Amino acid sequence: MKAKRLFSAAAAIVLGYVLPAAAQDVPASFKGTGTLIVNNWGGPTVEKMHKAWYGDFTGATGIALSATSIPDVSKLKIMAQVNNVEWDVVDFEGNQMLMATKNNLLEPIDYDLLFSLVPKDQLDPAMLSKYGVGSTAFSTVIAWNKEVFPKGGPKDWVEFFDTQKFPGRRALYANPKPALEIALMASGKKAGELYPMNIDEAFKALDAIGPKVNLWVEKTSQWDVLIQNKEVDLMGASLARTMAQIAAGEPYAVTFNQSIVEQSFWTIPKGAPNAKEAQKLVAWMMRKEGAKKALELLPYYGMTNVAVYKELTPELISKLPGSPQNAKNTHKIDAQWWLDNEQVVRTRWLDWLSKR
């Protein structure tokens, strides 16, 4: 679902291009040595994210960074079983973090160290768990072609599937998460009423919207092409992909109302070769400076350091899914529910999708 999911699994980027250091501001406890392997989702935005989040980390601490992809709980489990964990820091989705926790694969986060660098009151407490700290929140939003709908697009998922009011070609991401959430909201359920999800009810709702979806998008990279070629008029699309195309001049618009948000977390694998140094990087990435740079470069995500919103321009804040004015109308994916039910749902989903 993320735009950042395009990173080649084989890619490994050595981050030797650090920005000027700010070593004078770094506590002595953050000094270190060695090279951290950061397992991230990558994609076209990865270099920008690295520059923003990591910033002058290497210059300030003496700890080098290298990146690889993609986060995979099964692979981490095998690494642990053969006592050869290769990753120091991993950017897991919420349900992946819970799965890794369930399998005893993660180190607890050192919050004493983190709060020695970043004031606790700057961070969203909902994003601070024992085994992970919120990295980014990514969104699926309602988007439409303004040339087709010059008076405005659907305000919610009920209107999105109103083919009388909004005739045109529709596309959704071919994944049960968040297709089931979208189907239920299209049936009239409120965001706060979705969990625990009644799976039979969700698939009944999916049956209702299925005939109105002209294209099920299997890879997030397809959103770029669909927008550029004006192949669809209405989309339940990646916010990052859509906003990047809007910034490039494409005539599309989005609403944050009933947007669907999923949270990812920085984690440290148990048995990581440089676990002590990894704690320093996780703390470093929670700084307001990094969050501000990331949002100025990539205004598509939510950040754990919420103090950053006070330092952004009103124009930029209006674009952010995590800003107070936009976040109040969003739906958050329940990672625990998906962890508990994904296997059953996915089997049924694949059968359902094969009949489209």
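Here is a walk through the nonpolar cores and the salt bridges of this structure. Keep in mind that you're looking at a predicted model.

Let's start on the inside. In soluble globular proteins, nonpolar side chains tend to be buried together. Here, the largest nonpolar core is made of 51 residues. If you want some landmarks, look for L114, W266 and L281, the residues with the most contacts inside this core. Next, find helix α11, which runs over residues 275-284. This helix gives the core six residues, and that's the biggest contribution to it. Now look elsewhere, because there is another core, set apart from the largest one, with 36 residues. Among its members are A174, A205, V213 and W349.

Now for the charged side chains. Side chains of opposite charge can pair when their charged atoms come close. A search of the whole structure turns up 14 salt bridges, and a few of them are worth a visit.

Take E250 and K230 to begin with. Their closest N and O atoms sit 2.7 Å apart. Where do E250 and K230 lie in the chain? E250 is in the loop between α10 (239-247) and β10 (252-267), while K230 is in the loop between α9 (222-228) and β9 (234-238). The two are 20 residues apart, and the pair links distant parts of the chain. Is E250 buried or exposed? With a relative accessible area of 18%, E250 counts as buried, since the cut-off for that is under 20%. Its partner K230 has 32%, so K230 is partly exposed.

The next stop is K288 and E311, another salt bridge, with the closest N and O atoms 2.8 Å apart. K288 belongs to helix α12 (residues 288-297), whereas E311 is in the loop between α12 and α13 (314-317). That's why this pair ties together parts that are 23 residues apart in sequence. K288 is partly exposed at a relative accessible area of 22%, and E311 is partly exposed too, at 38%.

For a salt bridge inside one helix, go to R346 and E342, whose side chains meet at 3.0 Å, N to O. Both lie in helix α15 (residues 335-354). Because they are four residues apart there, about one helical turn separates them. R346 is partly exposed, with a relative accessible area of 28%.

Finally, salt bridges don't have to stay in separate pairs here: E93, K177 and E262 are joined into one network by salt bridges that share partners.

Terms used:
Residues are numbered from 1 along each chain as its sequence is written. This is a predicted model: local features need pLDDT of at least 70, side-chain atom pairs count only at pLDDT 80 or more; totals for chains, interfaces and linings use all residues. Side-chain values use heavy atoms; hydrogens and water are left out. A nonpolar core is a set of buried Ala, Val, Leu, Ile, Met, Phe, Trp, Tyr and Cys residues joined through side-chain atoms within 4.5 Å. Buried means under 20% relative accessible area, exposed over 50%, partly exposed in between (1.4 Å probe, protein chains only). A salt bridge is a side-chain nitrogen of Lys or Arg within 4 Å of a carboxyl oxygen of Asp or Glu.
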